[in-house]
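Please open the structure in the viewer and follow the selections below in order. Each stop names what to select and then describes what is found there.

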Amino acid sequence: VVAVEYPSRLFKRSRYQSMGYQLDFDAHFLRWMLSDGAGACVLSSQPNSANEVVLRVDWIHTKSFSGDYPVCMQMGRNSNDSTMSFMDFASFAEAEAAGALALRQNIRLLPQLFEVAVHEYTQLVKSHFVMPDKVDHFLSHYSSEKLGKVCDELMQKAGLAIPRTKWFSNLVECGNTGSASIFIMLADLMRKRKLVAGEKIFCFVPESGRFTVSYMMLTVVAANVDAPHNKQVNTGSAPSTILLPDVTEVAPPHDPNRVADTPMRDTLQALAAIWHDYRSNVWRMPLLKRILNGGFTRDDYLRWMENWIPQVQEGSKWMRQAISNLPAEFTELHDLIHTHAGEEQNDFMLLFKDYRDAGGRIESIDDLQRNPGGEALNAYMHRVSNDTLPIGLLGGIYIIEGTGQRIIPALLPTLRQQLDLPEHCFRFLKYHGENDINHLTRWLQALSIVLSKGTVVERKHRAELIVKTARHVASLYLLQWEYL
């Protein structure tokens with residue numbers, strides 16, 4: 001298996017001088033992020049006893065999200081939002097002069113890639129294909145140390161972090177060698193570290209052209225250091241069908257006597273899986289396609305807000321309703337939700353003002369109506385808040401606040417570019433993107449309170465309510481998106 005990267009031909013100084021350096025940051029970004037490099041691995045059906053170090057491929061898991069997002073890296077247009085390709089210019093010389101032949105990265109979309117990757121990794125952990133505490137070496141491909149830290153932080157938030165002492169990177173010495181990166185890293189790992197027979201090497205490769213994530217687990221079969229007596233070495237091959245969903249009789253590769261994860265971790269993993277599917281489906285919705293394809297209009301924006309404002313208006317109402325139904329032992333939770341409801345009670349007025357400033361014709365907020373999806377979502381949230389134990393509400397908040405923190409900020413720069421509107425018409429969207437991270441931090445506190453009180457059975461029941469509500473809210477929120 002061979003991979004070669006030679007991007008320096010694209011990034012010659014002479015080319016950028018000829019364009020007068022009048023290029024956007026997206027074009028300059030990759031110029032300092034990619035390096036030349038080549039790497040290879042020899043694969044065979046049997047270990048080569050002549051080699052000092054031999055690694056076995058246990059499994060490879062690759063998943064594409066190309067249908068979920070627009071192109072994140074491209075060459076052929078003079079901006080990431082342009083609908084004009086290099087072929088539409090009168091000559092290639094004019095296309096070059098306009099910057100249409102420069103390689104670009106849409107850096108506003110890039111953070112979404114690592115969120116996608118971490119959620120897919122969570123699924124592998126949940127399915128027992130990866131056990132973070134059993135990983136001896138973690139090789140993660142990323143283009144900058146900053147993105148490596150982002151990846152680490154997301155893994156920590158999911159409660160599935162691999163200690164940084166186990167990470168291995170040659171980025172400082174080699175740079176980002178693209179598709180050759182993982183092979184060069186493996187070669188450097190074998191050269192720089194003393195590997196022990198039986199050790200596990202976990203590799204992660206994200207691809208940002210149009211979002212594909214790949215994971216690979218390797219086992220050290222032969223090494224220059226003998227395995228400790230207490231470390232068993234399995235030399236058998238893993239079945240190639242092990243990752244297929246319809247295979248039910250393959251025993252999971254984990255110790256059944258292992259202590260069960262905490263309710264908090266199990267709940268976060270279950271919620272991550274729901275979010276993973278919800279996020280993918282949102283990015284496929286016609287409304288978002290219009291935004292990402294450059295066809296979003298002021299009328300689209302106004303119609304979106306006319307449907308959204310009544311939902312936001314109801315938010316603080318069902319939160320306060322839930323507070324009144326909380327049992328006495330959840331006083332701390334009562335205070336947290338009360339604070340959150342207080343912060344959001346006037347949000348709908350801010351959004352309505354943005355709507356009016358953008359040209360909205362409906363004068364009274366009471367004349368706005370939710371679409372059928374919004375009606376269903378609102379009715380469901382009110383029903384849950386009326387439960388004798390309205391704990392499930394936390395699952396709904398996870399989806400709603402997550403949308404504000406993770407999806408809206410990714411859309412805001414594109415909305416600004418397409419809509420000829422003053423900045424104050426986007427105040428609510430900007431505010432939500434900046435503050436929902438604080439809201440989610442508070443949500444995490446609330447979840448901790450709920451899952452730390454009572455018996456094991458009670459905690460398990462509450463976790464199930466939260467996960468179930470999140471699943472239902474995700475479905476209903478998608479219905480609201482669809483009707484838009």
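Select Asn371 and Gly373 at the start of α13: a side-chain oxygen of Asn371 reaches to within 2.9 Å of the backbone nitrogen of Gly373. The model is a predicted one.

Extend the selection to the whole of helix α13, residues 372–385. These 14 residues reach 20 Å from the first C-alpha to the last, close to the 20 Å expected at 1.5 Å a residue. Within α13, colour the buried residues: Gly373, Gly374, Leu377, Asn378, Tyr380, Met381, His382, Val384 and Ser385. To see what covers them, display the surroundings, which include α10 (298–325), α14 (393–418) and α16 (456–483).

Keep α10 and add helix α12, residues 347–357. How do the two helices run relative to each other? Their axes come within 9 Å and cross at roughly 165°; an angle over 145° counts as roughly antiparallel, and α10 and α12 are therefore roughly antiparallel to each other. The crossing is left-handed. Show side chains to inspect the contact: α10 contributes Leu302, Met305, Glu306, Trp308, Ile309, Val312 and Gln313, while α12 contributes Asp347, Phe348, Leu351, Phe352, Asp354 and Tyr355.

Finally, select Asp266, which lies in helix α8 (residues 263–283). Asp266 has a relative accessible area of 36% and is partly exposed. Add Lys460 and compare the two positions: Asp266 and Lys460 are 194 residues apart in sequence, and their C-alpha atoms are 9.8 Å apart in space.

Terms used. Residues numbered from 1 in each chain as written. Predicted model: local features only at pLDDT ≥ 70, side-chain atom pairs only at ≥ 80, totals over all residues. Heavy atoms only, no water. Helix = DSSP H or I, 4+ residues; strand = E, 2+ residues; numbered from the N terminus. Expected span 1.5 Å × (residues − 1). Buried < 20%, exposed > 50% of the residue type's maximum accessible area, 1.4 Å probe, protein only. Contact = heavy atoms within 4.5 Å. Polar contact = N/O pair within 3.5 Å; in protein donor to acceptor, adjacent residues only side chain to side chain. Axes fitted to C-alpha atoms, helices over the stretch in contact; angles between N-to-C directions. Parallel < 35°, antiparallel > 145°, perpendicular 65-115°, else oblique. Left-handed = near helix turned anticlockwise from the far one by under 90°.
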